[in-house]
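Visitor: I'd like a close look at one part of this protein, taken slowly and piece by piece. Could you walk me through it once it's on screen?

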Amino acid sequence: MKKLLTLLLTVTLVFSCIGCGSKEEDTSDAANVEAEVQTETGDDAQAEAESEEADAAQEPEAADETQSEDTTDVKSEGVMTYDEYVAADLESEVVVETYVQAKQSWWEDKATLYTQDKDGAYFVYNVACSEEDYAKLTPGTKIKVTGYKSEWSGEVEIIDGTFEIEEGNYVAAAEDVTALLGADELIDYQNRFVCFKGMTVEAAGQDESGNDVAFLYNWDGSGQDGDDLYFNVSLDGATYTFTVESYLCDNTTDVYNAVKALNIGDTIDMEGFLYWYEGVNPHITAVTPAN
């Protein structure tokens, strides 16, 4: 009987040992698999981090390149910079690349344009232009103009010219030149799109009854509705004459009717092109009450 019990205990012990050995091997295998997964996960994370660092390192370069494109107006071969145009002699041939800002008129296959690049402005007078091409000259259109630099009563312009449309677009923001009124430096902004702030409307002349009026049709009051409007504005005790050029802004436009509604003593803000005629004579395109 004791032998039988001893035999049973021995068999039980053997099976117990076999079970323990299998459990330990399974645990070891699972640990190995887990370690391999962790290693692969770590490698992936490291690769991803390195990729993000590389992308981050490239981002500032891309930003700088974009900024350079926004601020640089590169000229084609044989085209003058604005400084070279300014330095050119009157009556000499000039070649410029510029952008249409507004169209004054078209008549008998000739167009008059207000144009500007990022360095300065060019008034293009009576350039050869078909009616079909004139319709294409929307604000911002880039053109290459070949003509002759000329001056008329202080206004520097390009005359007897031809042009071709090029790829590119630029619309200038109005530059505030209020503080330069009366200063010699103002002429450096000739023909640019500019603005004036907080100016007071003064009497432009008198009507037939001898009453002061805020504007005149033509410079001497000899015109009628549809002609140029002339009005006076003052700043710091000095008075200046501004114009609504009827070819540029006719009597159907907001600015034409805004000037007709002015009262002496109104304080207004204005935008327009810094034209010159025997001194500063801006061609105004917008009038609003001063802020």
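How many disulfides does the count come to? After that, please take me around the barrel, strand by strand.

Guide: Happy to, with one caution: this is a predicted model. The disulfide count comes to zero. Two cysteines you might click on anyway are Cys129, with a relative accessible area of 4%, and Cys195, with 6%. Buried means under 20%, so Cys129 counts as buried, and Cys195 does as well.

A little context before the barrel. The protein chain has 291 residues, and 35% of them count as buried. Its secondary structure comes to four helices and 14 strands. Of the contacts between residues at least 6 apart in sequence, 57% join residues at least 24 apart. The accessible surface is about 17300 Å², with 50% of that belonging to carbon and sulfur atoms.

Now the barrel. Five strands close into it, in the order β1-β2-β3-β5-β4, and the pairing is mixed. Ignoring direction, neighbouring strands of this sheet are turned by 50° against each other on average.

Let's come in through the loop between α2 (82-87) and β1, where you'll find Glu91. This residue has a positive phi of about 70° although it is not a glycine. Its relative accessible area is 53%, and the cut-off for exposed is over 50%, so Glu91 counts as exposed.

From there, go on to β1, residues 93-107. On one side β1 has β4, residues 141-152, running antiparallel and joined to it by seven bridges. If you want a pair to zoom in on, take Val96, whose bridge partner in β4 is Val145. β1 also pairs with β2, residues 110-116, again antiparallel and again through seven bridges. Here you can pick out Lys103, which has Leu113 as its bridge partner in β2. β1 and β2 form a hairpin with two residues between them, and Glu108 in the turn has a positive phi of about 50°.

Next comes the step from β2 to β3. Six bridges join β2 to β3 (residues 121-128), and the two run antiparallel. Lys110 stands opposite Ala128 in β3, while Thr115 stands opposite Tyr122. These two strands form a hairpin too, with four residues between them.

Stop for a moment at Thr112, which lies in β2. Its relative accessible area is 1%, and since buried means under 20%, Thr112 is buried. What surrounds Thr112, leaving aside its neighbours within four places in sequence? The contacts are Lys103, Gln104, Ser105, Phe123, Val124, Tyr125 and Asn126. Lys103 is the β1 residue whose bridge to Leu113 we've just looked at. With Asn126 there's a polar contact as well: the side chain of Thr112 reaches the backbone nitrogen of Asn126 at 3.3 Å. If you're tracing which way side chains point as you go, remember that in a regular strand they alternate between the two faces of the sheet.

From β3 the order goes on to β5. Only the direction of this pairing needs a careful look: β3 and β5 (residues 155-169) run parallel, joined by two bridges. Phe123, which you've already seen in contact with Thr112, has Glu157 as its bridge partner in β5.

In the barrel order, β4 follows β5. The loop between β4 and β5 holds Ser153. Like Glu91, this serine has a positive phi without being a glycine, here about 55°. At a relative accessible area of 25%, Ser153 falls between the 20% and 50% cut-offs and therefore counts as partly exposed. And from β4, the seven bridges to β1 bring you back to the strand you came in on.

Technical notes:
Residues numbered from 1 in each chain as written. Predicted model: local features only at pLDDT ≥ 70, side-chain atom pairs only at ≥ 80, totals over all residues. Heavy atoms only, no water. Buried < 20%, exposed > 50% of the residue type's maximum accessible area, 1.4 Å probe, protein only. Contact = heavy atoms within 4.5 Å. Areas by Shrake-Rupley, 256 points an atom, 1.4 Å probe, with all protein chains shown as cover. Pairing = 2+ DSSP bridges. Disulfide = S-S within 2.5 Å. Axes fitted to C-alpha atoms, helices over the stretch in contact; angles between N-to-C directions. Polar contact = N/O pair within 3.5 Å; in protein donor to acceptor, adjacent residues only side chain to side chain.
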